[in-house]
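Please load the model below in your viewer and keep the selection tool handy. We will go from one selection to the next, with a short note on what is there each time.

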Amino acid sequence: MAFNRNGLVVSLSLLGLAFGLDRVHKAFHVAADCIAPGAAKCVEFLGTYSPLGWQDWRGGEIVPVTDFFDYVLVWNTGISYGLLGSLPVWAIGLLMAVALVALCIWWWQSRSTLVRAGLALCIGGALSNGLDRLLYGAVADFFHFYWGEWSFYIFNIADAMISAGVVLLILDALGIGRARTKSTPA
């Protein structure tokens, strides 16, 4: 089997892109002293304020951009949408590890380029969010969309990549991207 067959190179590139973009983004904004495996020293901050600069954020920063979007730093101690936030970090880490192993097995066994691309985006995003849990004790989220009193959840680049991966998986499930078979007249 050639290395390029069934989208291996494309999917590995997408995995690296999803992981790398999120890591660079977080390295630019999050203060280095927030890195404290097991300590979560920046996660406990509960205030909000307008930052003086774009670097060394610790949590609670908010920069209004439009009437429906703020750029913020919020720490998510749960999984998606803050679910299971009451679980200890090790339990969430275990859940994420099991999910990542399952995604990797599915990726490895798939022969569909679209499925591999979707899974690669999901794996890259999940790996970066998992690394946040190891480094900070929670996931750093930045993008907050809202309308009036209604608030869409706050997310990061890794979450956006995971969502894009899920869209690709849905497209595959709908049959988009598959070769069409010709039907023979009866």
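Start by selecting N76 and V139: V139, in β3, is the bridge partner of N76. Six bridges join β2 to β3, and the two strands run antiparallel. Strands here are DSSP runs of E with at least two residues, helices are runs of H or I with at least four, and both are numbered from the N terminus. Two strands count as paired if DSSP finds at least two bridges between them.

Before moving on, note that this is a predicted model, in which local features need pLDDT of at least 70, side-chain atom pairs count only at pLDDT 80 or more, and totals for chains, interfaces and linings use all residues. Residues are numbered from 1 along each chain as its sequence is written, and side-chain values use heavy atoms, with hydrogens and water left out.

**The whole sheet**

Now show all the strands. Four of them make an open sheet in the order β1-β2-β3-β4, with antiparallel pairing. Its edge strands, each pairing on one side only, are β1 (62-64) and β4 (150-155). On average, neighbouring strands are turned by 25° against each other, direction ignored. Axes are lines fitted to C-alpha atoms (for helices, over the stretch in contact), and angles between N-to-C directions run from 0 to 180 degrees.

Go to the β1 end next. β1 and β2 form a hairpin with four residues between them. Three bridges join this antiparallel pair, and P64 stands opposite D70 in β2. At the other end, β3 (residues 139-147) is joined to β4 by four bridges, again antiparallel. Select Y146 to find S151 of β4 opposite.

**Helices on the sheet**

Add helix α1 (residues 8-29), which lies across β2 and β3 and runs at about 90° to β3. Then add helix α3 (residues 113-136), which packs on the sheet, touches β2 and β3, and makes about 120° with the direction of β3. Contact means heavy atoms within 4.5 Å.

Is β2 mostly covered or mostly open? Seven of its eight residues are buried, so mostly covered is the answer. Buried means under 20% relative accessible area, exposed over 50%, and partly exposed in between, using a 1.4 Å probe and protein chains only.

Within α1, pick H25. H25 is buried, with a relative accessible area of 14%. Beyond its neighbours within four places in sequence, H25 is in contact with Y71, F142, F143 and I157.

**The loop between α1 and β1**

Move to Q55 in this loop. Q55 is partly exposed at 48% relative accessible area and, sequence neighbours within four places aside, is in contact with F28 and H29. D56 lies in the loop too, and its phi is near 60°, a positive value in a residue other than glycine. Most residues other than glycine have a negative phi.

**A pocket to finish**

Finally, select G47, T48, G60, L73 and V74, which lie nearest the centre of the second largest pocket, among its 16 lining residues. The pocket holds about 210 Å³ of space. A pocket is an open set of points on a 1 Å grid over the protein atoms alone, where a 1.4 Å probe fits, with protein on both sides within 12 Å along at least five of seven lines; lining residues have an atom within 4 Å of a point. Strand β2 (residues 69-76) gives the most to this lining, with four residues.

Technical notes
Points joined across faces, edges and corners; volume = space filled by probe spheres on them.
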